[in-house]
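Okay, thanks for making room for me on the agenda. I'd like to walk you through one model, so let's get it up on the screen.

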Amino acid sequence: MGTSQMMLAIGAMLLLSVIILRMNTSMLHTDDITTSAEINIKAQALANSIIEEASAKRFDERSTSSVSNGRVLTKVISMGPESGEYSPSTFDDFDDYNGYHFVTTNGDSVSVKVFYITPSNLDSASSDRTFYKKMIVRVKSAYENPDGTHDVITASKIYGYWPAMANGTAPAMPPPSGSSSSSSGGGSSSSSSSSSSSSSSSSSSSSSSSGSGGGHSSSGGSSGGHSSSGGHSSSGGIPIPPIFLR
């Protein structure tokens with residue numbers, strides 16, 4: 001074999017080595033992406049399951065009966081589990097999950113935060129009690145990405161309470177409302193559906209999936225359910241808080 005043939009053989013081997021290396025790198029990168037996606041899907045499902053579980057419980061510790069005055073709701077500084085409540089199996093209302101934290105068997109870190117909000121500011125915590133609470137579930141993956149970071153999945157949900165209206169009067173703590181439409185009597189109504197008093201509703205936001213439950217409806221809702229609208233006013237002109245749907 002001459003020198004030129006030997007050089008060509010060496011060059012071909014080097015080229016083949018580069019191609020194989022690139023293919024292996026590409027396959028490893030694809031595996032990393034696939035693994036990360038699978039883990040993130042599981043983390044998202046875990047966050048959603050916590051939100052749906054909490055949404056099945058009552059709005060507040062003190063909302064076992066009709067509540068028309070927001071001042072009787074749990075204080076901002078007292079949100080969280082009551083005495084004797086240590087896990088979701090013992091939690092009996094939405095804000096009991098505030099401060100809840102645990103680590104899964106595969107090392108994922110889960111933390112939950114619940115706080116009051118107002119319709120005019122859905123992202124920031126309210127310093128006072130309102131008829132709306134927001135839950136944020138944060139799941140930090142135990143899987144370490146090639147760059148050394150850990151994926152964090154966040155899901156959130158808004159839970160609204162429709163306060164009872166005693167003697168046809170508006171609740172004592174109505175949050176700010178936007179555009180208004182008139183309603184007569186004790187209930188509120190949108191263009192195509194009516195709402196009865198003393199019931200609760202919740203709304204999913206961000207990546208949370210929509211929950212199901214009786215007594216909820218869209219703008220064409222069923223009788224006795226909730227209705228969605230930018231805001232309502234009673235016959236006396238006092239604003240009534242808008243309702244968030246699941």
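I'll go through the core, then a surface patch, then the salt bridges.

One thing up front: this is a predicted model.

So, the core. The largest nonpolar core has 29 residues. Within that set, Tyr97, Val112, Val114, Met135, Val137 and Val139 touch the most other members. As for who supplies it, helix H1, which runs 3–55, gives at least two residues, and so does each of strands S2 (109–116), S3 (132–144) and S4 (150–162).

Let's zoom in on Val114. What is Val114 in contact with, leaving aside its neighbours within four places in sequence? The list is Met79, Phe94, Asp95, Tyr97, Asn98, Lys133, Lys134 and Met135. Two names there, Tyr97 and Met135, you've just heard among the core residues that touch the most other members.

Now out to the surface. Met6, Met7, Ile10 and Leu14 make up a nonpolar patch there, and together they have about 420 Å² of accessible area. Take Leu14, which sits in helix H1. Is Leu14 buried or exposed? Its relative accessibility is 56%, and the cut-off for exposed is over 50%, so Leu14 counts as exposed.

On to salt bridges. The count comes to seven, and I'll show you three of them.

Start with Glu52 and Lys157, whose side chains meet at 3.3 Å, N to O. Glu52 is in helix H1 and Lys157 is in strand S4, so this pair ties together parts that are 105 residues apart in sequence. Have a look at the burial, too: Glu52 is partly exposed at 25% relative accessible area, whereas Lys157 is buried, at 0%.

Next, Asp92 and Arg58, at 3.2 Å, N to O. Both lie in the loop between H1 and strand S1, which is 101–103, and the pair ties together parts 34 residues apart in sequence. Asp92 is partly exposed at 24%, and Arg58 is partly exposed at 27%. There's a bit extra here: Arg58 and Asp92 belong to a network of salt bridges together with Glu61.

Last one, Asp128 and Arg71, at 2.9 Å, N to O. Asp128 is in the loop between S2 and S3, while Arg71 is in the loop between H1 and S1, so parts 57 residues apart in sequence get tied together. Asp128 comes out partly exposed at 29%, and Arg71 is partly exposed as well, at 45%.

That's it from me, happy to rotate the view if anyone wants.

Notes. Residues numbered from 1 in each chain as written. Predicted model: local features only at pLDDT ≥ 70, side-chain atom pairs only at ≥ 80, totals over all residues. Heavy atoms only, no water. Core = buried A, V, L, I, M, F, W, Y, C linked by side-chain atoms within 4.5 Å. Buried < 20%, exposed > 50% of the residue type's maximum accessible area, 1.4 Å probe, protein only. Helix = DSSP H or I, 4+ residues; strand = E, 2+ residues; numbered from the N terminus. Contact = heavy atoms within 4.5 Å. Patch = residues over 30% accessible without salt bridge, like charges linked within 9 Å, V, L, I, M, F, W, Y side chains within 5 Å. Areas by Shrake-Rupley, 256 points an atom, 1.4 Å probe, with all protein chains shown as cover. Salt bridge = Lys/Arg side-chain N within 4 Å of Asp/Glu carboxyl O.
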